[in-house]
Amino acid sequence: MTDEKIENVVTGEEPFLGTLDIALLVILIAGGTWYFTRNRTKPEELGRTYSIQPTTVSTAAVTENSFIKKLKASGRSLVVFYGSQTGTAEEFAGRLAKEGIRYRLKGMVADPEECDMEELLQLKDISNSLAVFCLATYGEGDPTDNAMEFYEWITNGDADLTGLNYAVFGLGNKTYEHYNKVAIYVDKRLEELGATRVFELGLGDDDANIEDDFITWKDRFWPAVCDNFGIEGSGEEVLIRQFRLLEHNDVQPDRIYTGEVARLHSLQNQRPPFDAKNPFLAPILINRELHKGGNRSCMHIELDIEGSKMRYDAGDHVAMYPINDKDLVEKLGLLCNADLDLVFSLINTDTDSSKKHPFPCPTTYRTALTHYLEIAAIPRTHILKELAEYCSDENDKQFLRSMASITPEGKEKYQSWVQDACRNIVHILEDINSCKPSIDHVCELLPRLQPRYYSISSSSKLYPTKVHITAVLVQYKTPTGRLNKGVATTYLKAKNPEEGEVKVPVFIRKSQFRLPTKPEIPIVMVGPGTGVAPFRGFIQERQHLRDEGKQVGESILYFGCRKKSEDFIYEEELEEYVEKGTLTLKTAFSRDQEKKIYVTHLLEQDADLLWRVLGENNGHFYICGDAKNMAVDVRNILVKILKTKGNMNEPDAVQYLKKMEAQKRYSADVWS
C-alpha cells in the first residue's frame, strides 16, 4: 500500500481490521508459509536436476583473474603464459604445463590478457615457483594482441621482480626483419627488473621447423629446472587427457553450437561491435576471376559491411573464418569410425582453468571438424605421440613414436614423412591403417581453426560500406600424389553470389601499414602478385584526393607477375591511374622473355629515382608480399642504394633504414 492509502484507512471511524479481514489475513499468511516452505524441502532432489547449458566465451575475463589465488588453491607452482596470434604459442604453453607433472611442478596455462600481471611480484611467495612465457612476435616486431598490455607494463614500469624465477620461449620467423623481437626483449627486461632466469632463452623459427626448435629447447629446459629446484623427474612421460568426453542424448537443438565463434546464435542474431569473438556475416557481392589465362586462379571479392558499424583504412586487414572441406571432414569421420552427428562436449579436467572447453560446446563432431579444428594442417610431433597409442600394429606404433622423438633419425623421419610430404591428419590415418583413434581424442589434439587475414584492396574513402579482397586460390600436388587445397581460398572460391546470397564471417584488424598523413609526400610501393592488394587501396585514396583538388605527391608502384597476358591483375585500373597522372607504374613480367625479370631488377636499375624520392624528398617506402625471398632482396637492394647514392658505409645505411622504420617511412606487410 502507498502512504496515501494507509492514511485514508487509519483516519476512518471503523476499526482498522474487521473479523473477515483477520480471517483473510490468516489464510494469506498460511498459504504463503506453505508455498515458501514447499520450495525449500527435499534439497537432495534438487541435486538430481541437470540442465545442459551452452558455453559462453567472452572476450572479457568473467572468472577470477588472480592466477596467484588459483596456484595456491590448487597446490601449483608453475604458470605458463602465452602470447599467441595463431594458436601455436598457446599450444606450446599447454604442452609445457602438462609436462610439469613429470617434474613435480603442477602447472597451469594463463592468458596474460585475462590476468593481473602485477601479481608476478607475489609469485616468489610460492615455493619452487616458476613463470614461463611462450611469446610470439607478430607484424613488425610487435607483441600479439593478448600480450600487448603485459608488454607495455614491463616496458614502462619498474616493478621489482626479485625472487621471480622465469624462462622464455619465443616464436618467430627468420624471414622477418624483427625475428623474435618480443621474446628477446621480455627475456632481457625481466632480468633487468631483478627476476632470475632459470634457463636460456629459446627461439623458434617458423620458417624452418618451429616444432623441432621447441622440442630441442624443452628437453634441455626441464633438466635445468630440476637442477635449479633440486627436484627429480618421475621418469617416463605419461600421456594424460586434458579434456573428458561428455556425450549428450537429450540436449535441445537450439542449445547446440553450429559454428559460432563464441556467443550462441551470434551468427543468427547479429549485433555489434564485431570483432574476433563476434564476426560479422558479410554478404559477398562480387566474386570474379582476375587471371586472364593459365592454370591458376586469383579472385577479386567484394564484401558488403553496411550496417556493421565496422570501419577500416587503406592498409588494414580483413579476417575471415573459413570452414574445412566437407570431403576431408567425412574422410576423417570414417577413419575414426565416428558418428559425426553425435552431440558432445569436451570438458577440461582442470577445474581451475579459465578454458573450460577447447572450442564452443556442446556441438556435433561434424561441426567441430568443419568449423573449429585445423584438420588440413601438418600435425606436430606431440599429436603423433598420442596417435601411436591407438595403433594395433606394433611396427606402426614404433614408427609414429620414432617421429615424435628427439633423436636425429626421428627428426629426419618426421621432416621427410610428415612435413615434406605435406601429410595432414587424414593422410596419416589413411597411410597407417592400424591407427584408429577415438574421434573425441582427435578433436582434443588438433589445434583450433584460425581466421585467415587478407590485406584490404580498397579504400574506405571510395568504398565505405564495402571491403575488397584479392586472393590466389591455393592448390598443389603433394609428393604422395594427393591434391592439397588451401582452406580459406577453397572456401571462398565456392562462394558464388550469382547462385544466391552467400555470406562469410569477417572482422577488421587495424594495421600500421598506412599512407603518409601528408598526401604531398611521395611514396614507393613494391607489390608483386597479390602483394599489390593494399596498394590498390592506396592508389584509390590518392586518386580521390586529387579529384578533390588536393596536392598529392608522386606515387610509384613496382608490380610483377609471370605473364602480362595471364596474371597482370587490375591491369586496366592501374593503366587508367597512369593516364590520369596519379601513378607511375613499373612492371616486370618474369616469363615474357627468355631471361627472367623481377621487380628487384627494376629497383636496382632505378637507384637514382629511389634515392631522390627516399633520400632527398623524405618519401615513404612500402613492400607487400613474400617475406622469405622478395622482401629480403628488396631490403638488401635499398641498403646498397643508400651506400652508393647516399655515400654511406654499410652500418650507416642499415641504421638509416632502421630510422626510416622508426619514423614509419619504411613499412612492410609480408608473409611467408
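This passage describes an internal cavity, a small set of paired strands and one buried glutamine in a predicted model.

A good place to begin is the space inside the protein. The model holds two cavities of 30 Å³ or more, and the second largest encloses about 60 Å³. Its lining consists of Asn209, Glu211, Asp212, Ile215, Thr381, Met403, Ser405, Lys411 and Tyr414. Two elements, α8 (210-229) and α13 (408-420), each give two or more residues to this lining, and α8 supplies the largest share, with three residues. In chemical character the lining of the second largest cavity is evenly split, with three nonpolar, three polar and three charged residues. Domain 1 (67-229) and domain 3 (323-450) each contribute at least three residues to the lining of this cavity.

Attention now turns to the strands. An open sheet is built from three strands in the order β8-β12-β13, with antiparallel pairing. Its edges are β8 (243-248) and β13 (363-364), each of which pairs on one side only. Strand β12 (residues 343-348) is joined to β13 by two bridges, and the two run antiparallel. Within this pairing, Phe344 has Thr363 of β13 as its bridge partner.

Finally, a single side chain merits a closer look. Gln543 sits in helix α17 (residues 533-547). Gln543 counts as buried because its relative accessible area is 6%, under the 20% cut-off. Beyond its neighbours within four places in sequence, Gln543 is in contact with Tyr577, Lys580 and Thr582.

Definitions and conventions
Residues numbered from 1 in each chain as written. Predicted model: local features only at pLDDT ≥ 70, side-chain atom pairs only at ≥ 80, totals over all residues. Heavy atoms only, no water. Helix = DSSP H or I, 4+ residues; strand = E, 2+ residues; numbered from the N terminus. Buried < 20%, exposed > 50% of the residue type's maximum accessible area, 1.4 Å probe, protein only. Contact = heavy atoms within 4.5 Å. Pairing = 2+ DSSP bridges. 1 Å grid on protein atoms, 1.4 Å probe; cavity = no way out; pocket = protein on both sides within 12 Å on 5 of 7 lines; lining within 4 Å. Points joined across faces, edges and corners; volume = space filled by probe spheres on them. Nonpolar A, V, L, I, M, F, W, Y, C, P; charged D, E, K, R; others polar. Domains from an automatic or database assignment.
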